[in-house]
Amino acid sequence: MRVSELVRYSSGGLRGHRLRTALSLMGVMIGVTSVIILTSLGEGARLYVTGEFASLGSNLLIIVPGKTETAGATPFVSTAPNDLTVADARAMARQIPEIRLVAPVSLGTAPVRFGDRSRECPVIGTTNEVLEIRKLTMQVGRFLPADTRDAPICVIGAKIQRELFGTRNPLGEMVRVGDFRFRVIGVLAPRGTSIGVDMDEVVEVPVDTGLRLFNRTSLFRILAEVRSSRDMDVAKEKVTALLAERHGEEDVTVLTQDAVLSTFNQILAILTAALAGIATISLGVAGIGIMNVMLVSVSERTREIGLLKALGATGRQILSVFLIEAALISTAGGLLGVLAGLGGALLIRHFLPEFPAQPPVWAVAAAVGVSISVGILFGGLPARRASRLDPVEALMRKRG
């Protein structure tokens, strides 16, 4: 028998048992769909985090108060014995030539009021440099002036502007932030959420004012933009040495943007692989279903197998017939699973447009490859059993 005849004969056998074939095919399809959707979520998380860090700026150093230490296998950040101050940020800008821009950052949450409207929002204390470091743009007005570190002025996010002022022009209006009054000098262009903070909901004030507003002496972070990616390691060492000299000890943690992103990528890659492994279990279950269907098929078609052998069909040809049947089920199920999985990822992106869910190419290829392999592997036992049937005994055996 030619290959085309074997395929035609095998597909005819599957059409003769439509319900069992459909159930086996559905099992494979569900398994492949699970692999693709779960890996889409993992890959989407990786792409989302990468995009979030890219939105922070480029060639960025993040200086955090407190020294990261390790006890056994568990890292932790110790309490900083010294404040991270605006003076530290100014010293970095003045004494480290590899650094182009420095922006001190304070952070707190306070109610913002205008007239009878009020809402709680993050309040960021910073300087003019953060506008370029974070690649922010203005919708109207201007950002915090370069020579102002302590003044009753503020810049608000686009959502704050809509909720407090509606269609009214907010420029020049006075708002109350906590117990302080500020004059609005600008509105940020819509930006969305970045590293867990919705930039459309923030109020930005001069950094010294931000510290006084929340009665704090230490900054939340210092952001520093290095002139070139080649200077990142040198700049990091110089920042660490400078602050250790100013504080009398090494009590800050200097993070590079690439190092943090690399760590997240490693974690999310492991998560994606784990999700793929969990989903692959369902393909194993589908394979067992294929094996059961094929065993039943062999049992029901014993007399047919005996007749084929009596007409000259070899054991290898009988083996091929049942292996092709299993391969057809697993291949069709795998392809349908790919379509369903891609459709599921598309729905996720439709309802969560900010989350770039998409399966990695390796996951799609692996899912299809594993589904076909599972079909052939689990279809092998029934196929081998069919190929070894004695034709005389098979013809004499009763159906079933």
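User: What is the mean pLDDT of the chain, and what share of residues reach 70 or more?
Analyst: This is a predicted model. Its mean pLDDT is 80, and 76% of the residues reach 70 or more.

User: Where does the pLDDT drop below 50?
Analyst: Over residues 70-78. Beyond near neighbours in sequence, that stretch has 14 contacts in the model.

User: OK, overall layout. How many helices and strands?
Analyst: The chain has 12 helices and 14 strands. It runs to 400 residues, and 46% of them are buried.

User: And what share of the contacts is between residues 24 or more positions apart?
Analyst: Counting contacts with a separation of 6 or more, 79% are between residues 24 or more positions apart.

User: Switching to cysteines. How many disulfides?
Analyst: The count is 0.

User: Why no bond for C121?
Analyst: Because the closest cysteine sulfur, in C154, is 9.3 Å away. The cut-off for a disulfide is 2.5 Å, so that distance is too far for a bond. From the other side, the closest cysteine sulfur to C154 is in C121.

User: Are those two buried or exposed?
Analyst: C121 is buried, at 2% relative accessibility. C154 is buried too, at 0%.

User: Which residues does E201 contact, leaving aside neighbours within four places?
Analyst: C121 is one of them. The others are R119, P122, K159 and I160.

User: Where is E201 found?
Analyst: In the loop between β11 (197-198) and β12 (203-206).

User: Buried or exposed, that glutamate?
Analyst: E201 is buried, with a relative accessible area of 19%. The cut-off for buried is under 20%.

User: Now α7. What should its length span, and how far apart are its ends?
Analyst: Helix α7 covers residues 232-247, 16 residues in total. At 1.5 Å a residue it should span 22 Å. Its end C-alpha atoms are 22 Å apart, which agrees.

User: Which α7 residues are buried?
Analyst: M232, A235, V239, T240, L242, L243, A244 and H247.

User: Why might buried positions in a helix recur three or four places apart?
Analyst: An α-helix has 3.6 residues a turn, so residues three or four places apart point the same way.

User: What do the buried residues of α7 pack against?
Analyst: One helix, α3 (86-95), and several strands. The strands are β1 (60-65), β4 (99-114), β13 (221-226) and β14 (252-256).

User: What comes just after α7?
Analyst: G248, with a positive phi of about 85°.

User: Aromatics next. How many pairs?
Analyst: A search of the whole structure finds 2. F114 and F165 form a tilted pair, 4.3 Å centre to centre with 40° between the planes.

User: What does the F114 and F165 pair tie together?
Analyst: F114 lies in strand β4 and F165 in helix α5 (residues 158-165), so the pair ties together parts that are 51 residues apart in sequence. F114 is buried, at 14% relative accessible area. F165 is buried as well, at 5%.

User: What about F180 and F182?
Analyst: F180 and F182 form a stacked pair. The centres are 6.3 Å apart, with 25° between the planes. F180 is partly exposed, at 23% relative accessibility. F182 is buried, at 1%.

User: Last one. Which ring does R221 lie over?
Analyst: R221 lies over the face of F220, at 4.1 Å from the ring centre.

How values were computed. Residues numbered from 1 in each chain as written. Predicted model: local features only at pLDDT ≥ 70, side-chain atom pairs only at ≥ 80, totals over all residues. Heavy atoms only, no water. pLDDT = per-residue confidence, 0-100. Contact = heavy atoms within 4.5 Å. Buried < 20%, exposed > 50% of the residue type's maximum accessible area, 1.4 Å probe, protein only. Helix = DSSP H or I, 4+ residues; strand = E, 2+ residues; numbered from the N terminus. Expected span 1.5 Å × (residues − 1). Phe/Tyr/Trp six-rings, centres within 6.5 Å; stacked < 30°, edge-to-face > 60°. Lys NZ or Arg CZ within 6 Å of the ring centre and 35° of its normal.
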